[in-house]
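Biologist: Got a minute to go through this model with me? Let's pull it up and talk about what the side chains are up to.

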Amino acid sequence: QSRHRSRGPLGWQRFPHLLVVSDYGFRATDLRQGGVGDCWFMSALAVVAERHDLIARLFADTAVNRAGCYCLRFFLDGEWSSVLVDDRLPVTDAPTRAPLAFEGKLAFSRCGDGSSGPSGQMLWACLIEKAYAKAHGSYKSTSGGEIQEALLDLTGAPTLSVSFNDDFDSELLWRSMQEWKRLELPMGCATGGDDTGELREMGLCGSHAYSVLDLREVTLRDHHFRGGGGQC
């Protein structure tokens, strides 16, 4: 889980001028985590976003709704359930990661190309996060969780969790990940414990979740380095 928090009081704001999703569709790289510690959910959402057939079925309709009412679908407690939300989103004068909060100062998740200004903003991730929070009772209730739980709720498909314990077989996992990538199966990973020197050297944070977007195997001098492409 993440320890991000918004630093100011929250309000609510509508963004009727924004599209739910633009013509180029859903992309993992458009996601930005906000002030809720739901990195486990956002990392799962990012890899699901890479599969249009999976992400699109979460929405009953992605057309802009003048009434500001949207229907989202999640696989909850063993069945697909619909959750209705309006398009009012939490905002704050002191958002976490302010440069990525856009001009509306969104307190929680953001979606869009941070370099293109208002024209690059979208609502799809914000609406999904809000609907998921509603299904669990509040945004606070989604602070802390497991990636496999989010993948199940977003896809309805069985999930597999691999623990890096004493019996961990890295060669078997790498071969498995290559096959999962070939099958275009969503994958994520998470770190445990606090930030350590070893984690920092690898550019990772402790107790944080990441999306596995791609796999690469490269040769460095006389050694092999294997790693996955990730997103915070």
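Modeller: Sure, but keep in mind that this is a predicted model: local features need pLDDT of at least 70, side-chain atom pairs count only at pLDDT 80 or more, and totals for chains, interfaces and linings use all residues. Residues are numbered from 1 along each chain as its sequence is written, and side-chain values use heavy atoms, with hydrogens and water left out.

Biologist: Where is Glu184 found?

Modeller: Glu184 has a positive phi of about 60 degrees although it is not a glycine. Glu184 is also exposed, at 53% relative accessible area (exposed is over 50%, buried under 20%, partly exposed in between, with a 1.4 Å probe and protein chains only). As for its place, helices (H or I, at least four residues) and strands (E, at least two) are DSSP runs numbered from the N terminus. Glu184 sits in the loop between α5 (170–182) and β7 (187–190).

Biologist: How many residues apart in sequence are the parts tied together by Lys181 and Asp214?

Modeller: Their side chains meet in a salt bridge at 3.9 Å, N to O (a side-chain nitrogen of Lys or Arg within 4 Å of a carboxyl oxygen of Asp or Glu). Lys181 lies in helix α5 and Asp214 in strand β8 (residues 209–220), so the parts that this pair ties together are apart in sequence by 33 residues.

Biologist: What is the relative accessible area of Asp30?

Modeller: Asp30 forms a salt bridge with Arg27 at 3.2 Å, N to O. Arg27 is partly exposed at 33%, whereas Asp30 is buried, with a relative accessible area of 1%.
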